[in-house]
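Reader: Please take me slowly through one part of this model, the place where its helices pack against one another. I would like the partners named residue by residue wherever that can be done.

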Amino acid sequence: MSSQDDQFQAAAPEPAAPSADDGMTWWYRWLCRIAGVIGGVSCAFAGLWNCVTINPLNIAAGVWMMLNAFVLFLCEAPFCCQFIEFANAVSARADKLRPWQKAAFYCGMAVFPVMLSLTLTTLFGNAIAFATGVLYGLSALGKKGDAISYARIHQQQKQMDEEKLTGSLEGQAL
């Protein structure tokens, strides 16, 4: 390898650490996990109820909802799937995802059955799964800053604007 390759690899960012540095507190992480488990339960029951019909779109939405429930259990509570050999590996891989990726995945998979069959069962069944995605999305936004740092930033911007204004006025006077 050349020295350029060595420099490039040294400057390349390392992959994200598994959810230890995502800025989530322990209680918020547990809230997201509990919401995921409750969302999985609601998807499973509503999906099963949706399958008790003769409308093919309702059956397809119900099957998709039960698949959503399985994925939620697999990612958020692998102890519920002890009979599946790869459950811990999938859960570990899901824990390595960034919160915004989990949010997009959970919200996307909760919206699909609603688009297939817009009924109250699909809406209420997927609401908690969608809320889990929203919780992960909110954690991706990060913590709210304090008022002192915002005031300091505002003061610096105001000072820079004044300097630009006086600089342009001095340029016109010459």
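Author: The account below starts with the whole chain and then turns to the packing of the helices.

This is a predicted model, in which local features need pLDDT of at least 70 and side-chain atom pairs count only at pLDDT 80 or more, while totals for chains, interfaces and linings use all residues. Residues are numbered from 1 along each chain as its sequence is written, and side-chain values use heavy atoms, with hydrogens and water left out.

The protein has seven helices and zero strands (DSSP runs numbered from the N terminus, H or I of at least four residues for helices and E of at least two for strands), and along the sequence the order is α-α-α-α-α-α-α. Of its 174 residues, 30% are buried (under 20% relative accessible area with a 1.4 Å probe and protein chains only; over 50% is exposed, in between partly exposed). Among contacts (heavy atoms within 4.5 Å) with a separation of 6 or more, 67% join residues 24 or more positions apart.

An unreviewed UniProt entry lists residues 30–49, 61–84 and 105–136 under "transmembrane region", an annotation that may be inferred rather than shown by experiment. In the model, residues 61–84 are 67% helix and 0% strand, with end C-alpha atoms 24 Å apart. Residues 105–136 are 91% helix and 0% strand, yet their end C-alpha atoms lie 10 Å apart.

Helix H5 (residues 99–116) packs against helix H3 (residues 56–76) with the axes 8 Å apart and an angle of about 160 degrees (lines fitted to C-alpha atoms over the stretch in contact, with angles from 0 to 180 degrees between N-to-C directions). H3 is therefore roughly antiparallel to H5 (over 145 degrees; under 35 is roughly parallel, 65 to 115 roughly perpendicular and the rest oblique). From H3 the contact draws on residues including Leu57, Ala61, Trp64, Met65, Asn68, Leu72 and Glu76, and from H5 on residues including Lys102, Phe105, Tyr106, Met109, Phe112 and Leu116. By class, the contact of H3 with H5 holds 15 nonpolar, one polar and two charged residues (Ala, Val, Leu, Ile, Met, Phe, Trp, Tyr, Cys and Pro are nonpolar, Asp, Glu, Lys and Arg charged, the others, Gly among them, polar).

H5 also packs against helix H6 (120–141), here at an angle of about 165 degrees and with the axes 7 Å apart, so H5 and H6 too are roughly antiparallel to each other. Among the residues of H5 in this contact are Trp100, Lys102, Tyr106, Ala110 and Pro113, and H6 contributes residues including Thr122, Asn126, Phe130, Gly133, Tyr136 and Ala140. The contact of H5 with H6 comprises 15 nonpolar, six polar and one charged residue. Lys102, Tyr106, Ala110 and Pro113 of H5 are named in the contact with H3 and again in the contact with H6.

The loop between H5 and H6 contains Ser117, which is buried, with a relative accessible area of 6%. Leaving aside residues up to four places away in sequence, Ser117 touches Leu57, Asn58, Ala61 and Thr122. Of these, Leu57 and Ala61 also belong to the H3 side of the contact with H5, and Thr122 belongs to the H6 side of the contact with H5.

H6 has a further partner in helix H2 (residues 26–50), whose axis comes within 8 Å of the H6 axis and crosses at roughly 160 degrees. H2 is therefore roughly antiparallel to H6, and the residues of their contact divide into 13 nonpolar, ten polar and one charged.
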